[in-house]
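Grab your viewer and work through these short exercises. Each one has a task, then a solution in steps.

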Amino acid sequence: MIPSEEMIYLDNNATTQLDPAVVEEMLPFLTTSYGNPSSGYQFGGQVRRAIDRARERLAALLGCEPGEIVFTSCGTESNNAAINSALEFDPREKHVVTSAVEHSAVLRHCHALERRGCEVTFVSVDRDGNLDLAEVEKAIRPDTEIVSLMWANNETGVLFPVEKIAEICREKRVLFHTDAVQAVGKIPIRLRDSAINFLALSAHKFHGPKGMGALYVNRRSRFRGSIIGGGQENGRRAGTENVASIVALGKAAERSSESLSEEQTRVRAMRDRFEEAILEKVRGVSINGAGATRLPNTSSVSFDGIESGVALVLFDQHHICCSAGSACRTGSGEASHVLRAMKLPDERVRGSLRFSFGRFNGDEDVERAIETVPKIIEQLRLLSPMVVETARSAVS
Ligand code: PLP
């Protein structure tokens, strides 16, 4: 085990530390309060009320009604469920619009749908990662069932104007879903009065537990869940509730509501300080998505003349946790589909690293990173191409 004081955790888009207040709140539901929330006696009723409270807390963070929340097992399930539901209602209309830079929870699902005969349009982005709204509008056809576009990109932090896109979809009478897994807890969200039909989120991205997610389903939108069985979640997602994690998600949402302005100021200041210092100290550096509106915590940096897979080995030796694009792809050796869709030169794609800051980072983490990162990059650039090639095949 690496002593926690030696580690610099700059991978908060991969996952986040559980907030101690969240752990405290969930513990009784792993020990003494083990009743089934569907049971009619008081021991079950207490648990039911804890779930209701969690629903209210999450609804407060999202600016929606508690009844519009469906608890799920993760962000991936929520994304799958929204798209599947839309496709189930009208078996004739089988066209989906999404983007080329989505997380695999949407992208791979769409590829699987294509294999089953569904048509999918993947809208592209510009060099900064921005979407062209006219292109989104053009992609919508009479047989389009749903448009699914992420709120915040997990690799670059680039934000899509989802509220505007939702309006376009409403005018065209097409459902709109957003993968907001990276946005929730980092930027203000107010779903009341918005035209968004569905929104996916995941607890472990905002200091809650892994394996816990939710789907917002607008009260006027038709929804049919994919997991069929008991009548839990108002008949929208069957299976006995993961009570401790639901309670934890609720607490994490409450803590996020309280610290949203901190995310906008302190976390942003750490990220900006990091980027400014790296740009100043290291030559051949570019910030991906710098010309777009971004999440306050994310920094996708390309270093000329390095291979990100090899870089991660050295970063790990220095106990700096960061990633090459998304955590899901680390170790696959694949180049980032997000940066490729942004049409960045190959060298810039190969040399990209993602640093993502969070509530539990302090200035000392940033200062140590500013001191260590330039040294590691210098070391990497001194490696001969042969060494790089051997190391690259070892890590991929
Ligand atoms: N969508 C985005 C944008 C993500 O970043 C992630 C996780 O990294 C997911 C979906 C999947 O969420 P989960 O890990 O809860 O399945």
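**Exercise 1.** Keep in mind that this is a predicted model. Is Asn234 buried or exposed? Find its place and its phi too.

*Solution.*
- Start with accessibility: Asn234 comes out at 68%. The cut-off for exposed is over 50%, so Asn234 counts as exposed.
- Next, locate it: Asn234 sits in helix H7, residues 232-235.
- Now the backbone: phi of Asn234 is near 60°, which is positive, and the residue isn't a glycine.
- For context, most non-glycine residues have a negative phi.

**Exercise 2.** Do the same for Arg173: what is its phi, and where is it found?

*Solution.*
- Phi of Arg173 is about 55°, again positive in a residue that is not a glycine.
- Arg173 belongs to the loop linking helix H6 (162-171) with strand E6 (175-179).
- With a relative accessible area of 80%, Arg173 is exposed.

**Exercise 3.** Work out how strand E3 (residues 95-99) is packed: how many of its residues are buried?

*Solution.*
- Count them: five of the five residues in E3 are buried, leaving the strand mostly covered.
- Split them by direction: His95, Val97 and Ser99 point one way, while Val96 and Thr98 point the other way.

**Exercise 4.** Which strands pair with E3, and what stands opposite Val96?

*Solution.*
- On E4 (residues 119-123), there are five bridges to E3, and the two run parallel. Here Val96 faces Val120.
- On E5 (residues 144-148), three bridges link to E3, also parallel. There, Val96 stands opposite Ile146.
- Finally, trace the connection: E3, helix H4 (residues 104-115) and E4 form a right-handed β-α-β unit.

Notes
Residues numbered from 1 in each chain as written. Predicted model: local features only at pLDDT ≥ 70, side-chain atom pairs only at ≥ 80, totals over all residues. Heavy atoms only, no water. Buried < 20%, exposed > 50% of the residue type's maximum accessible area, 1.4 Å probe, protein only. Helix = DSSP H or I, 4+ residues; strand = E, 2+ residues; numbered from the N terminus. Pairing = 2+ DSSP bridges. Right-handed = clockwise from strand over helix to strand, strands pointing away.
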